[in-house]
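User: Please take a close look at one helix pair in this model and describe how the two helices are arranged and what lies between them. Some context on the rest of the chain would help as well.

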Amino acid sequence: GGAADSKDGNEDCVGSRLCLLSLAENEQLKDEPIIALAAHCFAKLHSLDLSGLHLLTDASIGASVLAGVELRCVRLLGVCELSDGPVLELAVRRGVQLCELSLNGCHKITDEAIHALEENCAAGLVRLDISWCRQVRDDALGRLADACVESGHWGAERAGRRSDGPAGSLLPSLKLWGMTQLSAKFHQGHSLAAG
């Protein structure tokens with residue numbers, strides 16, 4: 001068989017073997033092509049970058065999350081219409097497998113999404129960018145940050161030890177640009193529950 005034939009003789013899409021896909025900054029892309037790609041090409045995907053696709057909605061992001069059963073890295077910078085729903089689904093379905101998530105500029109993200117990440121992803125999450133997500137409050141973000149620190153890989157560099165997270169050598173990172181709603185109490189000790 002050719003390159004498009006599987007070992008058992010059944011044809012499979014070359015796209016079904018994709019591990020990394022970036023469609024970033026293709027500003028004219030809408031939901032329909034993303035939903036079609038998700039249905040046929042996202043099963044083995046580890047990394048998905050849909051940053052800058054301002055016309056996408058929860059429908060295409062939700063389809064991507066459902067189809068991407070091996071997703072570990074998801075970048076959705078500037079997907080302005082993204083709400084909590086697909087992030088909740090991502091958190092529940094990927095759990096500790098999710099190690100990187102960027103929601104930078106996703107203005108509709110709230111504490112509900114952050115809570116789902118805390119409950120399901122804290123032990124594996126190594127990089128999180130929620131810059132400009134102004135509906136996220138410092139108590140929810142503080143609980144997520146504390147859960148990540150308690151998992152043992154955030155803050156490891158301050159203690160002089162290497163990260164033990166699933167990404168091994170990746171430096172733990174929390175990006176919070178434009179998060180002026182966060183109080184001094186968050187910056188001094190993470191969660192309000194701790195104080």
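Analyst: Angles under 35 degrees between helix axes count as roughly parallel. Two packed helices are described by the angle between their axes and the distance between the axes. In this predicted model, the pair to examine is helix α1, residues 31-41, and helix α2, residues 58-67. Their axes come within 8 Å and cross at roughly 10 degrees. With the cut-off at 35 degrees, α1 and α2 are therefore roughly parallel to each other.

The contact can be listed by residue. On the α1 side, D31, I34, I35 and A38 take part; on the α2 side they meet A59, S60, A63, S64 and A67. By residue class, the contact of α1 with α2 consists of six nonpolar residues, two polar ones and one charged one.

Helix α2 is mostly covered, with seven of its ten residues buried. The buried residues are S60, I61, G62, A63, S64, V65 and A67. Among them, S60, A63, S64 and A67 also belong to the contact with α1. The cover of α2 does not come from α1 alone: the buried residues of α2 pack against α1, against strand β2 (47-49) and against helix α3 (84-94).

The pair sits in a chain with six helices and six strands. From the N terminus on, the elements run β-α-β-α-β-α-β-α-β-α-β-α. Of the 195 residues, 46% count as buried. Among contacts in the chain with a separation of 6 or more, 79% are between residues 24 or more positions apart. The chain exposes about 9,600 Å², of which carbon and sulfur atoms supply 54%.

One loop residue can be added to the picture. N104 is found in the loop between β4 (100-102) and α4 (111-121). Buried means under 20% relative accessible area; N104 has a value of 19% and is therefore buried. The side chain of N104 makes a polar contact with the side chain of D129, at 3.2 Å. Leaving aside residues up to four places away in sequence, N104 touches L76, L77, G78, D129, S131 and W132. D129 thus appears both in the list of residues touched by N104 and as the partner in the polar contact.

Conventions. Residues are numbered from 1 along each chain as its sequence is written. This is a predicted model: local features need pLDDT of at least 70, side-chain atom pairs count only at pLDDT 80 or more; totals for chains, interfaces and linings use all residues. Side-chain values use heavy atoms; hydrogens and water are left out. Helices (H or I, at least four residues) and strands (E, at least two) are DSSP runs, numbered from the N terminus. Buried means under 20% relative accessible area, exposed over 50%, partly exposed in between (1.4 Å probe, protein chains only). A polar contact is a pair of N or O atoms within 3.5 Å; within protein, one must be able to donate a hydrogen and the other to accept it, and residues adjacent in sequence count only if both atoms are side-chain atoms. Contact means heavy atoms within 4.5 Å. Accessible areas come from the Shrake-Rupley method with a 1.4 Å probe; for residues, only the protein chains shown count as cover. Axes are lines fitted to C-alpha atoms, for helices over the stretch in contact, and angles run from 0 to 180 degrees between N-to-C directions. Angles under 35 degrees count as roughly parallel, over 145 as roughly antiparallel, 65 to 115 as roughly perpendicular and the rest as oblique. Ala, Val, Leu, Ile, Met, Phe, Trp, Tyr, Cys and Pro count as nonpolar, Asp, Glu, Lys and Arg as charged, and the others, Gly among them, as polar.
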